[in-house]
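Thank you all for coming; I would like to take a few minutes to walk through one structure with you. Please have the sequence and the model open while I talk.

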Amino acid sequence: MRDSLGTGGTRGTGGTGGTGTARARGLLRLVPSRPAPPPAASPGDVLADAEGVRVHLGGRPVLDGVDVAVRAGEVLALVGPNGAGKSTLLGALAADVPAAEGVVRVHGRPVADWTAPELALRRAVLPQSASLSFPFPVEEVVRMGRAPWAGGEREDEDDTAVAEAMARTEVTGFAGRPFSALSGGERARVALARVLAQRAPLLLLDEPTAALDLRHQELVLRLCRERARAGDAVVVVLHDLALAAAYADRVAVLRAGRIAADGPPARVFSEELLSDVYDQPVEVLAHPRTGAPLVLPRRDA
């Protein structure tokens with residue numbers, strides 16, 4: 001699992017009396033203090049942004065001059081065809097993928113200016129797949145999301161945060177089962193619970209619905225909306241354009257490493273743009289009840 005953080009510490013020292021006490025005090029001064037949690041964000045605050053970002057992987061450009069902003073209180077969906085750069089952009093915003101050019105900021109500061117513990121309090125990342133080498137029980141996997149708070153002022157929230165995250169993702173019923181014994185969809189929900197337990201104000205989710213059935217796809221996107229309404233910023237990579245249209249406040253459509261369009265789904269999801277981006281004729285219809293765009297491939301009768 002990602003975002004596992006090592007914590008500094010000291011071993012006990014021998015000796016008694018003043019000498020031992022002085023030595024202990026000297027060692028304690030070497031232990032880094034826990035970073036302070038970020039202040040509460042106001043709706044619309046930019047919690048992450050990329051400016052002119054270029055990324056090269058394997059000797060080829062994957063992102064080419066991308067500009068995007070992620071704001072508190074909204075769900076931003078990254079959509080586009082395979083290889084468009086969606087996961088790479090998410091990784092750059094998470095400070096996991098370095099930019100060759102441009103700048104990525106989290107909470108207004110370049111990502112390079114944050115330490116790993118500081119970043120872990122500010123953003124939580126869900127990768128495309130989750131794997132563990134050891135058969136940790138589900139509850140322990142979710143509890144890993146609390147590692148950034150160890151020894152900090154909110155450590156006493158651990159039990160509540162873990163229980164709440166497990167309940168919201170419907171994994172409480174198999175809390176004691178080994179993570180390795182779960183199905184792909186169950187693992188995906190446990191991994192999401194770990195991210196929610198972290199209680200970071202910026203959530204970066206890479207294809208969280210890929211392994212899920214219809215019910216749990218809807219559950220995950222409802223959770224994204226709930227976190228945004230609570231003031232968090234959520235970035236989610238999606239392939240299902242109907243989910244993006246139904247739940248995202250904004251969509252950024254990527255094509256060949258660039259942003260082809262960025263805005264509300266009702267404005268961005270046009271037949272002309274999507275047919276061009278996906279190289280597949282599509283129809284965009286209004287949902288008969290909600291009015292949200294429905295994107296369907298154009299098929300012969």
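I will begin with the sheet, go on to the helices that pack on it, and finish with helix H2.

Please keep in mind that this is a predicted model. The sheet is an open one, built from six strands in the order S6-S7-S8-S3-S9-S10, and the pairing within it is mixed. At its edges stand strand S6, residues 123-126, and strand S10, residues 258-263, and because each of these has a single partner strand, one side of each is left without a neighbour in the sheet. On average, and with direction ignored, neighbouring strands here are turned by 15 degrees against each other.

Within that order, strand S3, which covers residues 75-79, pairs with strand S8, residues 233-237, in the parallel sense and over four bridges; Val75 stands opposite Val234 in S8.

Turning to what packs on the sheet, helix H6, residues 184-198, touches S6 and strand S7 (202-206), and its direction makes about 180 degrees with that of S6. Helix H10, residues 271-278, also packs on the sheet, where it touches S3, strand S9 (250-255) and S10, with a direction at about 40 degrees to that of S9.

That leaves helix H2, residues 86-93: how many of its eight residues are buried? Seven of them are, so H2 is largely enclosed by the rest of the structure. The buried residues in H2 are Lys86, Thr88, Leu89, Leu90, Gly91, Ala92 and Leu93, and just after this helix Ala95 takes a positive phi of about 70 degrees.

Key:
Residues are numbered from 1 along each chain as its sequence is written. This is a predicted model: local features need pLDDT of at least 70, side-chain atom pairs count only at pLDDT 80 or more; totals for chains, interfaces and linings use all residues. Side-chain values use heavy atoms; hydrogens and water are left out. Two strands pair if DSSP finds at least two bridges between them. Helices (H or I, at least four residues) and strands (E, at least two) are DSSP runs, numbered from the N terminus. Axes are lines fitted to C-alpha atoms, for helices over the stretch in contact, and angles run from 0 to 180 degrees between N-to-C directions. Contact means heavy atoms within 4.5 Å. Buried means under 20% relative accessible area, exposed over 50%, partly exposed in between (1.4 Å probe, protein chains only).
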